[in-house]
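Subject: Structure handover

Hi,

Here is the structure I promised you. Please open it first, then read the notes below with it on screen.

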Amino acid sequence: MYRRGVLRTTVAVAAVATGMAAGPAAAADDPTIGALLPMTGDLQAYGKTSSNGVKLAARQINDQGGVLGGKLQVEVGDTQTKSQAGVDAAKKLVSIQGVSGIVGALSSGVTIPVARSVTSQAEVPQISSASTSPTITDLDDNDFLFRTVPSDALQGDALARVAAEQGLENVAIFYVNNAYGEGLAGSFTEGFEARGNTVSASQPYEKGNASYRGGLKEAASGGAEALVLIGYPQNGITIMRQALEGGYFRKFVFTDGMKAPEIIDSIGAQYLNGSFGTAPQSSGKSTAAERFDKAYKDAYGKMPPKPFIDTAYDAAFLLGLAMEKADSQKGPAVRDALRPVANPPGEEILPGEWKKARRLLNEGKPVNYTGASGPVNFDKNGDVGGSFAHWKIEDGEIVTEKVFKPDM
């Protein structure tokens, strides 16, 4: 039997503690989620593809019956890859558009202030598909912040392992001066030095500078064999260009924030062939990953070699499942239903299996979502485990060398 009394009116969300005035409730009956994404700024290379992942989940859900009797709507807010712009966009999603949950943000430097000042105060669940700072694990967010991507406490060790396997013994780190860069630089240093190697310099940099030559010269002074660049494409391209022009570095090691074809197009394959990095990635061999890959290609064509598409899809699908499970669009109810639909026990639900999930939930049976990015089992902090890709640039293309789980 299908449940009775399904809520179909979007609930107005209370004003948050930052003085934001409560806006009107959404007039439509359809449930709505927000997507807080960098459509402009440093991380814009990932904005469109992440948006595609969110919208693919909504499309599949709506083609198979919708959520709570209505069509799931997606409202996109542009963070501009800036903390204040992200907070402003989140306030609009919560108070004006009345969203029941938010996918995003991508950068930890945006996700953390949004969680502190907006979603935790307004009691709206937030699932980041890309924010990896270890700070998020213990953040005081009233249990409204989750993520479908593993912490950099894991990625740092994964990158250290790959760098050591590639024969590097002395590297310099150049990292963006925010929670993402600081956390990943620290975890990489710990893992790399634990393997008997040397980090001869670790330099933070500010976004938007015209020149990074002084910092690069200092980073190169310790005899490093390669530059570990922890940042985003927009400024990362400037840093690489100046590193090459000044003869400071010829070899680069990257993290997930730099896994974008745009860097090859801007710098040139001849300068980047042989560079490598890590990024969260499923094995691609599971039924769940294969289902997602096919659905994405059917909807948008070729799958781009970029991270965070599958994790954005999973975050959106989980918010839909949680609303259906909770029989409610209210933030606290949706939050409380996230772990029950994501974690065992329950019948396995794969990407795209909305009709099956909806039937089971309406019959009062438990479900366990296995995501496009892998198992999405939220722990007490809203964190997940995961695997990582060792990727490299070969003949001007980004290719996956292997997928593995870190030693930790």
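Start with one pair of residues: W391 has T400 in β15 as its bridge partner. Keep in mind that this is a predicted model.

**The strands**

That bridge belongs to a longer pairing. β14 and β15 run antiparallel to one another, and seven bridges join them. The two strands form a hairpin, with two residues between them. Look at D395 in the turn: its phi is positive, about 55°.

β14 also pairs with another strand. Strand β10 (residues 276–280) meets β14 in the antiparallel sense over five bridges. To find this pairing on screen, pick A279, whose bridge partner in β14 is A389.

Is β14 mostly covered or mostly open? Strand β14 (residues 388–394) is mostly covered, as five of its seven residues are buried.

**The largest pocket**

Next, the empty space. A probe the size of a water molecule, rolled over the atoms, shows where such space is left.

The largest pocket holds about 620 Å³ of space. Its lining consists of 29 residues. Nearest its centre are Q281, M303, P304, P305 and K306.

Which elements supply at least two residues each to this lining? They are α8 (261–267), α10 (287–300), α11 (309–326) and β15 (397–404). The largest share comes from α10, with five residues. By class, the lining of the largest pocket has 14 nonpolar, six polar and nine charged residues.

**The second largest pocket**

The second largest pocket has a volume of about 310 Å³. It is lined by 24 residues, and S282, S373, G374, P375 and S387 are the closest to its centre. Two or more lining residues come from each of α10, α11 and β13 (374–375). The classes here are seven nonpolar, 14 polar and three charged.

**One residue to click on: T49**

T49 sits in helix α1 (residues 47–63). Why does T49 count as buried? Its relative accessible area is 7%, and buried means under 20%, so T49 falls in that class.

What does T49 touch, leaving out residues up to four places away in sequence? The answer is Y296, P304, K306 and I309. Two of these names, P304 and K306, appeared above, among the residues nearest the centre of the largest pocket. Closer along the chain, a polar atom of the T49 side chain lies 3.3 Å from the backbone oxygen of Y46.

Best wishes

Methods. Residues are numbered from 1 along each chain as its sequence is written. This is a predicted model: local features need pLDDT of at least 70, side-chain atom pairs count only at pLDDT 80 or more; totals for chains, interfaces and linings use all residues. Side-chain values use heavy atoms; hydrogens and water are left out. On a 1 Å grid over the protein atoms alone, a cavity is a set of points where a 1.4 Å probe fits but cannot get out, and a pocket is an open set with protein on both sides within 12 Å along at least five of seven lines; lining residues have an atom within 4 Å of a point. Grid points are joined across faces, edges and corners, and a volume is the space filled by probe spheres set on the points. Helices (H or I, at least four residues) and strands (E, at least two) are DSSP runs, numbered from the N terminus. Ala, Val, Leu, Ile, Met, Phe, Trp, Tyr, Cys and Pro count as nonpolar, Asp, Glu, Lys and Arg as charged, and the others, Gly among them, as polar. Buried means under 20% relative accessible area, exposed over 50%, partly exposed in between (1.4 Å probe, protein chains only). A polar contact is a pair of N or O atoms within 3.5 Å; within protein, one must be able to donate a hydrogen and the other to accept it, and residues adjacent in sequence count only if both atoms are side-chain atoms. Contact means heavy atoms within 4.5 Å. Two strands pair if DSSP finds at least two bridges between them.
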